[in-house]
Amino acid sequence: MKRHRDHGGGLDAAIARFGGERDNWIDLSTGINPDPFPIPDIPAQAWTALPDACAQDALLQAARAFWNVPREAAILAAPGASALIARLPALWPAAQVAIHTPTYNEHAAAFEAHGWDVAQRPSASTAAQVVVHPNNPDGRMWSGDELTGDVVIIDESFCDVTPDQSHMSRTTRGDTIILKSFGKFWGLAGMRLGFAIGAPAHIARLADLMGPWAVSGPALGIATAALSDAGWAAQARRKLAESATRLDGLMSQKGAKLIGGTDLFRLYDVDDARAWQDRLARGHVWSRIFPYSDTWLRLGLPSEQGWDQLGAAL
């Protein structure tokens, strides 16, 4: 049976239902930084030539420094974390994988597509464990003693707002692969860039599955500049934290209760999530609700220009 894979986004469908033009909407259904890293000048050769090894090496060196990747671990850049998620289950013989839910549903879908049995919790027959850290949508953080699988995949797509919470030191072990997403914290989701970090043998096999020239020349240059800009990252964390606090205050005034999230998205408990989503949509603000909860509403952060529109929609 094919798993239902609901996601944020889908703004076209919202516009078709509630009207308006795309430029008049703000999409808060995803956890993407509303103030993205400024794109530097891109040399013409980045568009016209195949990505070269030097550009890729520069990106991986910048990634290693930014995330404090241990020397023993290898890094692979790919066209989005989702592309890595889809291929990871092929690294091992199909068995049982533990994926605690609710969480990002592409992990379970990928393992099921490769013939794995998906369970809620690790057991004696569990061969792999997947956790999203911090979790999407509730922001749960996983401690090291909770990571017990023979193979542990840690999706840290939202962890760049709390870098001190990363499990990167585990990549010196042969049992751990960490995933990083470039689109969330840096706000450039359309660039499609993600990273897998772990034991060299696992990363080499994953690289074979991805094929050559997986990352475009423009993406290599932009991401290298971004990962090398520690000042921008520090400023972005401060601004995101301030915006998350501001959003909590606004939502609490309207009767919503904060129950989780990160500085990139917030999860609220409301009386009727569908009614809240419709009310916001009538003000051309798109939000995220979930098929497994009638009361959970998730909001990303608006840009500075979007706060008035959000307040009016509420």
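**Sheets, helices and salt bridges**

Trainee: Which residue in β10 is the bridge partner of glycine 260?
Mentor: Start with the pair of strands: β9 and β10 (residues 265-269) run antiparallel and share 4 bridges. That counts as pairing, because DSSP has to find at least two bridges between two strands. In β10, glycine 260 is matched with leucine 267.

Trainee: Before we go on, what kind of model is this?
Mentor: Residues are numbered from 1 along each chain as its sequence is written, and side-chain values use heavy atoms, leaving out hydrogens and water. Local features need pLDDT of at least 70, side-chain atom pairs count only at pLDDT 80 or more, and totals for chains, interfaces and linings use all residues: this is a predicted model.

Trainee: How many helices and strands does the protein have?
Mentor: Both are DSSP runs numbered from the N terminus: helices are H or I with at least four residues, strands are E with at least two. Counted that way, the protein has 10 helices and 13 strands.

Trainee: Which strands are at the edges of the sheet that holds β9 and β10?
Mentor: That sheet is open, with 4 strands in the order β9-β10-β13-β12 and antiparallel pairing. A strand at the edge pairs on one side only, and here those strands are β9 (257-261) and β12 (288-290).

Trainee: At about what angle does helix α8 lie to β10?
Mentor: Angles here run from 0 to 180 degrees between N-to-C directions, using axes fitted to C-alpha atoms, for helices over the stretch in contact. Contact itself means heavy atoms within 4.5 Å. β9 and β10 are joined by 4 bridges. Helix α8 (residues 230-253) packs on their sheet, touching β9, β10 and β13 (293-300), and the angle between its direction and that of β10 is about 20°.

Trainee: Why is one side of β2 and of β4 left without a neighbour in the other sheet?
Mentor: Look at the order of this open, mixed sheet of 7 strands: β2-β8-β7-β6-β5-β3-β4. β2 (74-78) and β4 (117-119) stand at the edges, so the reason is that each has a single partner strand.

Trainee: Which residue of β8 is the bridge partner of alanine 78?
Mentor: β2 and β8 (residues 194-198) are antiparallel and joined by 5 bridges. Follow them to alanine 78, and its partner in β8 is glycine 194.

Trainee: Which strands does helix α3 touch?
Mentor: Between β2 and β8 there are 5 bridges. Helix α3 (residues 53-66) packs on this sheet, with a direction at about 120° to that of β2, and the strands in touch with α3 are β2 and β8.

Trainee: What is the radius of gyration of the whole protein?
Mentor: It's taken over C-alpha atoms, and the globule rule is 2.2 Å times the number of residues to the power 0.38. For 314 residues, a compact globule would come out near 20 Å. The protein agrees with that, at 20 Å.

Trainee: How far apart are the closest N and O atoms of aspartate 35 and lysine 239?
Mentor: These two form a salt bridge, meaning a side-chain nitrogen of Lys or Arg within 4 Å of a carboxyl oxygen of Asp or Glu. Aspartate 35 sits in the loop between β1 (26-27) and α2 (44-48), while lysine 239 is in helix α8, 204 residues apart along the chain. Their closest N and O atoms are separated by 3.3 Å.

Trainee: Is arginine 170 buried or exposed?
Mentor: Buried means under 20% relative accessible area, exposed means over 50%, and partly exposed is in between, with a 1.4 Å probe and protein chains only. Arginine 170 has a salt bridge with aspartate 175, closest atoms 3.7 Å apart. With a relative accessible area of 9%, arginine 170 is buried.

Trainee: Which arginine has its closest N and O atoms 2.9 Å from those of aspartate 175?
Mentor: Aspartate 175 is itself buried, at 14% relative accessible area. The partner in this salt bridge is partly exposed, with 40%. That partner is arginine 173.

Trainee: How many salt bridges are there by this rule?
Mentor: Side chains of opposite charge can pair when their charged atoms come close. Some here join up into a network, as Glu156, Asp160 and Lys180 do. For the count, the answer is 11.
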